[in-house]
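User: I'm a first-year student and I'd like a close look at one part of this model: the place where the two chains meet. Could you walk me through it?

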Amino acid sequence: MAQGDDLARIISGCKKGDPQCFSRVVDMYASRCYGYFHRLTGSSDTSDELLSELFVKLVEKIGSYRGGSFESWLFTIASNIFHDHLRSKQRLKKLAEVSQEELEWQVSEPKHSDGEMVDRLQGQLVKLDGETRELIMLRFYSQLSFKEIAQMRSEPIGTTLAKTHRGLKKLRQLMEGS
Amino acid sequence: MSDQNRENLRELVEKFFDARQAESCLEDFQKAEQILQEHPAPQPNEMLLANIKAEIARRLPVKRAEITRHRAWELAGMAAAIAIVAFLGVQLSHHPARQHTLRASLWPTAVWESNNLAADDADLAVFTAEIEQVRSEVVALESGQETVEPDSAVTDLEMQLVEISSDFWKG
């Protein structure tokens, strides 16, 4: 993985509109971002869409990146995209509750509706509350420090640490108990 | 997790937990990380990545045009700002009010640097001439050249001096 000056050079190239540099960024971060989306949505189709949206946003917003942790900047966009997805899903769900029962089933159970195998971890992750699940995935896939995550979430570092610890402890118990 | 996240997790945890809790917390972190690593999420397929790269390539010319347009606007804005500042500078330096102000600011300097204050002030010149006249009359009286009555002449001179002094202080 490119580090330091190399990453700075690649991002500088992206800012100038160099497709090769964007291609490098995709190669560097697609796997982690996809894992983040997949663990949060449980759906390959949705993860495909969100990952595509993330890199389109990257092209649009790269000019606003002003240095600092690129991972932090990128995963902030990823988190916003995921939250937008949740909001649109909520809207669809409400619409479905009112009008179409069939549609409700489709949007509320996406992870099982596409016929893919749900691994054991995914099955236990859904037992955690949404915020904790997101925090754990952000920590694991973004590889950000607690300080960076706390800044991203605008909360004290102790709060972030305690929430993550509670979540990981529960996940460990669920995995060891299942 | 502490290495890949570029931080000393033990040091951080020990800030918030006592020694026993910190050990337990670190163990939870370590075990949970191990579980996450043992259950990797699916990877994006090559087709998806190729499509993303193609989509980026498709959008870049538009983006580049936007960047160029943005820079052109920035440059135009800067040029306009420089032109306005230059224009205002030229206008102000030739403005009659500014010229007047300049003269006004120079005037006291000329007065204070003058070696002939009497010539600078017409009133002062008149008073100086009158004092000089009175002085010559006093000298004439003292030398006995004056033909008028000495008492009345002295009284007239005193009156003139009082009048001059009074006018002088009135301005």
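Analyst: Sure, let's start with who takes part. The contact draws on 35 residues of chain A and 30 of chain B. Keep in mind that this is a predicted model, and everything below is computed from it.

Take chain B's side to begin with. Three helices of chain B, namely α1 (9–16), α2 and α3 (46–93), each put at least two residues into the side that touches chain A. The largest share comes from α3(B), with 12 residues. If you sort chain B's side by class, you get 17 nonpolar, nine charged and four polar residues.

Now zoom in on one pair of helices that crosses between the chains. Helix α10 of chain A (residues 157–177) packs against helix α2 of chain B (residues 19–38), with the axes 9 Å apart and an angle of about 60 degrees between them. An angle from 65 to 115 degrees would count as roughly perpendicular, and one under 35 as roughly parallel. At about 60 degrees, α10(A) and α2(B) are therefore oblique to each other. The crossing of α10(A) past α2(B) is left-handed.

Which residues do the touching here? From α10(A) come A:His165, A:Leu168, A:Lys169, A:Leu171, A:Arg172 and A:Met175, and they meet B:Cys25, B:Asp28, B:Phe29, B:Lys31, B:Ala32 and B:Ile35 of α2(B). Sorted by class, this helix pair's contact has seven nonpolar residues, four charged and one polar.

It helps to see what stands behind chain A's side. Chain A has 10 helices and zero strands, so to speak an all-α run from the N terminus on. Of its 178 residues, 31% are buried. Among contacts in chain A with a separation of 6 or more, 62% link residues 24 or more positions apart.

Chain A also has nonpolar residues gathered inside it. In general, nonpolar side chains in soluble globular proteins tend to be buried together. The largest nonpolar core here has 46 residues, and A:Cys33, A:Phe37, A:Leu51 and A:Phe55 touch the most other members. Helix α2 of chain A (residues 19–41) gives the most to this core, nine residues. Looking at A:Phe37 beyond its neighbours within four places in sequence, you'll find A:Ser47, A:Leu50, A:Leu51 and A:Phe82 in contact with it.

Note on methods
Residues are numbered from 1 along each chain as its sequence is written. Chains are lettered from A and ligands numbered from 1 in the order in which they are written. This is a predicted model: local features need pLDDT of at least 70, side-chain atom pairs count only at pLDDT 80 or more; totals for chains, interfaces and linings use all residues. Helices (H or I, at least four residues) and strands (E, at least two) are DSSP runs, numbered from the N terminus. A residue is buried if 20 or more other C-beta atoms lie within 10 Å of its own, exposed if 12 or fewer, and partly exposed in between; C-beta atoms are placed from the backbone. Two residues are in contact if their C-beta atoms, placed from the backbone, lie within 7 Å. A nonpolar core is a set of buried Ala, Val, Leu, Ile, Met, Phe, Trp, Tyr and Cys residues joined through C-beta atoms within 7 Å. Axes are lines fitted to C-alpha atoms, for helices over the stretch in contact, and angles run from 0 to 180 degrees between N-to-C directions. Angles under 35 degrees count as roughly parallel, over 145 as roughly antiparallel, 65 to 115 as roughly perpendicular and the rest as oblique. A crossing is left-handed if the near helix is turned anticlockwise from the far one by less than a right angle, and right-handed if clockwise. Ala, Val, Leu, Ile, Met, Phe, Trp, Tyr, Cys and Pro count as nonpolar, Asp, Glu, Lys and Arg as charged, and the others, Gly among them, as polar.
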